[in-house]
Amino acid sequence: MKELEKNPQSTISSSQVFFIHVCCGLALAAGFWVAHHVYSLNLVFDPTKTLCLIWAIEFPVVILLFSCCRQKPEKCSYFTAIARGLLGLPVGALLNALGALALGAPVGLQYLEKTVNWSLLMSSFTFVPTACVYGSSWTDWHRIFACTKPNGPLEFMLCLPAHGAVIGAWFGAWPMPLDWERPWQDWPICVSYGAIAGYVVGMVGSFGLALIMHAGRKQLKAE
């Protein structure tokens, strides 16, 4: 990972993209495993504690890995990038919670803990990686997310999983208003499954694009 600290835009390779995504994916799997095998929890019957375990395991992995990919490492130390990620977690959680409430998430004290833990998990997917890499650089945030114009493998690593998580959560919300009366229709169970599925699909997609871009660069060099 030391190579990433020199110039993440130019030096990040497809193998490094694969390594970061695999670690993040394994952290997710570890969260589910710990919840089920250690605490006998799952999202359907205890979403609050399960989500808390998942984001508490996922977030440290995300922040430690993406802080290695920080922009301009000669001006921003590794620990500064970690601090930016720590600050980004609650900020991103607030934005995700407000977005969910605006789109119809239930309001009430009985839903507060569920919404908070879901929002913290979503922030780990969507906000924290970019906060570690770019901090408060509005130009980069606007280009990646508002304009959806990522540049290079690193920015696709930030963009695709984040968009995948948001789109997956949106699709996951569709069964909630249906009158099937299933336990998994409660907030935020199916939304969480959708977000996790979308996040994983986004990671696979960004790795595929990294392979294509590196193959294209090798072909141009060969010519």
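Me: How close do the axes of helix H3 (residues 47-66) and H4 come, and at what angle do they cross?

Reply: They come within 9 Å and cross at roughly 145 degrees. The model is predicted. H3 passes H4 in a right-handed crossing.

Me: Which residues make the contact of H3 and H4?

Reply: From H3 come Trp55, Phe59, Ile63 and Leu64. From H4 come Tyr78, Ile82, Gly85, Leu86 and Leu89. By class, this is eight nonpolar, one polar and no charged.

Me: What makes a residue of this contact polar?

Reply: Gly counts as polar, so Gly85 falls in that class. Tyr and Trp count as nonpolar, so Tyr78 and Trp55 do not.

Me: How do the axes of helix H4 (residues 78-102) and helix H5 (residues 109-126) cross?

Reply: The axes come within 7 Å and cross at roughly 115 degrees. This crossing is right-handed. H4 brings Gly88, Leu89, Gly92, Ala93, Asn96, Ala97 and Ala100. H5 brings Thr115, Trp118, Ser119, Leu120, Met122, Ser123, Ser124 and Thr126.

Me: What classes of residue make up the contact of H4 with H5?

Reply: Seven are nonpolar, eight are polar and none is charged. Gly counts as polar, so Gly88 and Gly92 are among the polar residues.

Me: How many aromatic pairs are there?

Reply: The count is 10. One of them is formed by Phe18 and Phe207.

Me: Why is the pair of Phe18 and Phe207 called an aromatic pair, and what is its type?

Reply: The centres are 5.2 Å apart. The cut-off is 6.5 Å, so the rings pair. The planes are at 50 degrees. Under 30 would be stacked and over 60 edge-to-face, so this pair is tilted.

Me: What does the pair of Phe18 and Phe207 tie together?

Reply: Phe18 lies in helix H2 (residues 14-38) and Phe207 in helix H9 (residues 189-222). The pair therefore ties together parts that are 189 residues apart in sequence.

Me: Are Phe18 and Phe207 buried or exposed?

Reply: Neither fits those two words: both are partly exposed. Phe18 has a relative accessible area of 45%, and Phe207 has 23%. Buried needs under 20% and exposed over 50%, so both values fall in between.

Me: Why is the pair of Phe171 and Trp174 called tilted?

Reply: The ring centres are 5.0 Å apart and the planes stand at 50 degrees. That angle is neither under 30 nor over 60, so the pair counts as tilted. Phe171 is partly exposed at 44% relative accessibility.

Me: Which residues do ring pairs link into a cluster?

Reply: Phe127, Trp141 and Phe145. Thr130 touches two of these residues, Trp141 and Phe145. Its other contacts, leaving out residues up to four places away in sequence, are Gly135 and Leu158.

Me: How do you know whether Thr130 is buried or exposed?

Reply: Its relative accessible area is 0%. Buried means under 20%, so Thr130 is buried. It is found in helix H6 (residues 128-134).

Me: What makes Lys149 exposed?

Reply: Lys149 has 57% relative accessibility. The cut-off for exposed is over 50%, so Lys149 passes. Lys149 is found in the loop between helix H7 (138-146) and helix H8 (153-172). It is in contact with Arg143, Ile144 and Glu155, leaving aside neighbours within four places in sequence.

Me: How far apart are Lys149 and Thr130?

Reply: They are 19 residues apart in sequence and 14 Å apart in space, C-alpha to C-alpha.

Me: What is notable about the backbone of Thr148 and Lys72?

Reply: Each has phi near 50 degrees, a positive value in a residue other than glycine. Thr148 is found in the loop between H7 and H8. Lys72 is found in the loop between H3 and H4.

Me: Why is Lys72 called partly exposed?

Reply: Its relative accessible area is 45%. That lies between 20% and 50%, so the label holds. Thr148, at 43%, gets it too.

Me: What kind of peptide bond joins Trp187 and Pro188?

Reply: The bond is cis, with omega about -5 degrees. Pro188 lies in the loop between H8 and H9.

Terms used
Residues are numbered from 1 along each chain as its sequence is written. This is a predicted model: local features need pLDDT of at least 70, side-chain atom pairs count only at pLDDT 80 or more; totals for chains, interfaces and linings use all residues. Side-chain values use heavy atoms; hydrogens and water are left out. Rings of Phe, Tyr and Trp (its six-membered ring) pair if their centres lie within 6.5 Å; planes under 30 degrees apart count as stacked, over 60 as edge-to-face and the rest as tilted. Helices (H or I, at least four residues) and strands (E, at least two) are DSSP runs, numbered from the N terminus. Buried means under 20% relative accessible area, exposed over 50%, partly exposed in between (1.4 Å probe, protein chains only). Contact means heavy atoms within 4.5 Å. Axes are lines fitted to C-alpha atoms, for helices over the stretch in contact, and angles run from 0 to 180 degrees between N-to-C directions. A crossing is left-handed if the near helix is turned anticlockwise from the far one by less than a right angle, and right-handed if clockwise.
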